[in-house]
Amino acid sequence: MTHTSNMPSGWSRRSILKGGAALGAAGLALPFAGKAFAQDNTLSFWQFYAPGGDVKPQVDWFVKMVADWNATQSEQVALEYVVGSEYIGGTKLATSFASGQGPDIFIISPGDFLRYYNGGVLQDLTPAIEEAARADFPESVIANRMVDGKIFGVPMEVEPMAFYYSVKAFEEAGLNENDVPTTWEQLLEVGKKLTTAERYGVLFETNPGYYQNFTWYPFMWQGGGEFQSAEGKSAFDSPATVQALKLWQDAVNSGAAPRQVLGGGGGDIVANLGSGYCAMQNVGIWGISAMDNNAPDVPYGIFKLPVPTGGKYVTVGGGWAFVANSKGKNPEAAAKFIAWALASMAPDSVQRVVDWCTVAKSDMPPRNSALAAGGDAFNKGNMGIFGTQIHPGTRAEPRVPPEVYKIISDAIQQTQLGGADPQATATAASQQLDAFLASYTGAPIL
């Protein structure tokens, strides 16, 4: 299922970026329209952090990075801010490529990697990255950004998932840290105890999208489930899949979990847990900096994902990566910028990663050197809980084509909110996956 170039066989130069964006229909086809046109040679860098973002340390990090580069390089870079809901949940990025106006540099999650790789628009970054820097990225972090030994994306972070809980809500319910759930059964029980007329006990993402799939995967994995077998066929119809679908369905049906989430969605901890809308929230490591910056007066705790009976602890680690448009104004310069920013052995490059993961945001670093340079920052306080208890069980976020994403997303939605039978839904989804996988010819699904 693999090809040695970044252009799947049978595709013309006017390649297809199939699938729409995270919330789009799986069948939306977007023909790539050639090189982007611009009035000058400045490289555009699309992302949802700066200069218009609302988290000042993150804005400052991006602005300083680009300013430092522009001060010494002839190939200039300009930040272009895209509102997060349009970037992650909308179609702005995908449609920009369809019209030939795709950015020169942008960021993508592993879940969306194959859309752009199979679409033929990701630049090979390997020539710009020195060998020592390549080895500085653990295999578990870099593998889902590689094809045939070549690097097509450089991660800026690793973001494992966990649960956060409101200390105030626990106290009001007569609970304390000794009541933190360690099993799925306890999670639902505690969730019911924490539920009031004004507050839900537990919250999972309810909006369909790559993020919801990402947050659901570890519940499938904990019971030994997979969506694809080693032979490349569907493995979705399994007891582990069924019980994971049922857990999320039971949480909603019991009234302990909401059918709708607030703010920016299930990943927005301030709008949900911080506001008192829920008492426990399934969210990633970024929640630490979000709470510290925007809800500093709300005391909270953190705990590992509970496990099912007979299951094994595992969480999922996502994170965004810098990528370059192979059809952009200057793909080689874009690759050079990315390597300089995140993948050089120069002290400033290593420190830039440390600063992103400890000052601008709260993340685990994707590089061994940054983990060492950050020192105690990853071992103390709430970051220490992630570093020592949660992160060791991290499995990389899968990369899937848009068609596979949509089949899994539909299964989650149909059971979580639509009341469908988890077993029947898993069986039907598995049949759809088999039909697609039988003819899939893109880069390997990981």
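Let's start with helix H18, which spans residues 422-437: its 16 residues reach 22 Å from the first C-alpha to the last, close to the 22 Å expected at 1.5 Å a residue. Keep in mind that this is a predicted model. Below are some notes on H18, then on a strand pair and on helix H9.

**Helix H18 and its two faces**
- The buried residues of H18 are Pro422, Thr425, Ala426, Ala429, Ser430, Leu433, Phe436 and Leu437.
- These residues sit on the same side of H18 because they cover an arc of only 130° around the axis.
- Turn the helix to the face away from that buried side, and you will find the exposed residues Gln431 and Ala435.
- The cover over the buried residues of H18 includes helix H10 (239-253) and helix H17 (402-416).
- At the N-terminal end, Asp421 acts as the cap of H18, with a side-chain oxygen 3.3 Å from the backbone nitrogen of Gln423.

**Strands S9 and S12**
- Strand S12 (residues 300-303) points Tyr300 and Ile302 one way and Gly301 and Phe303 the other way, and all of them are buried.
- S12 pairs with strand S9 (residues 159-166) in the antiparallel sense, over four bridges.
- Among the paired residues, Phe163 has Phe303 in S12 as its bridge partner.

**Helix H9 and what follows**
- Helix H9 (residues 210-222) has a kink of about 25° at Trp216, shortly before the proline Pro218.
- H9 is mostly covered, with 13 of its 13 residues buried.
- Just after H9 comes Gly224, which takes a positive phi of about 90°.

Technical notes. Residues are numbered from 1 along each chain as its sequence is written. This is a predicted model: local features need pLDDT of at least 70, side-chain atom pairs count only at pLDDT 80 or more; totals for chains, interfaces and linings use all residues. Side-chain values use heavy atoms; hydrogens and water are left out. The expected span of a helix is 1.5 Å times one less than its number of residues. Buried means under 20% relative accessible area, exposed over 50%, partly exposed in between (1.4 Å probe, protein chains only). The arc is that of the directions from the helix axis to the C-beta atoms. Contact means heavy atoms within 4.5 Å. A polar contact is a pair of N or O atoms within 3.5 Å; within protein, one must be able to donate a hydrogen and the other to accept it, and residues adjacent in sequence count only if both atoms are side-chain atoms. Two strands pair if DSSP finds at least two bridges between them. The bend at a residue is the angle between axes fitted to the seven residues ending there and the seven starting there.
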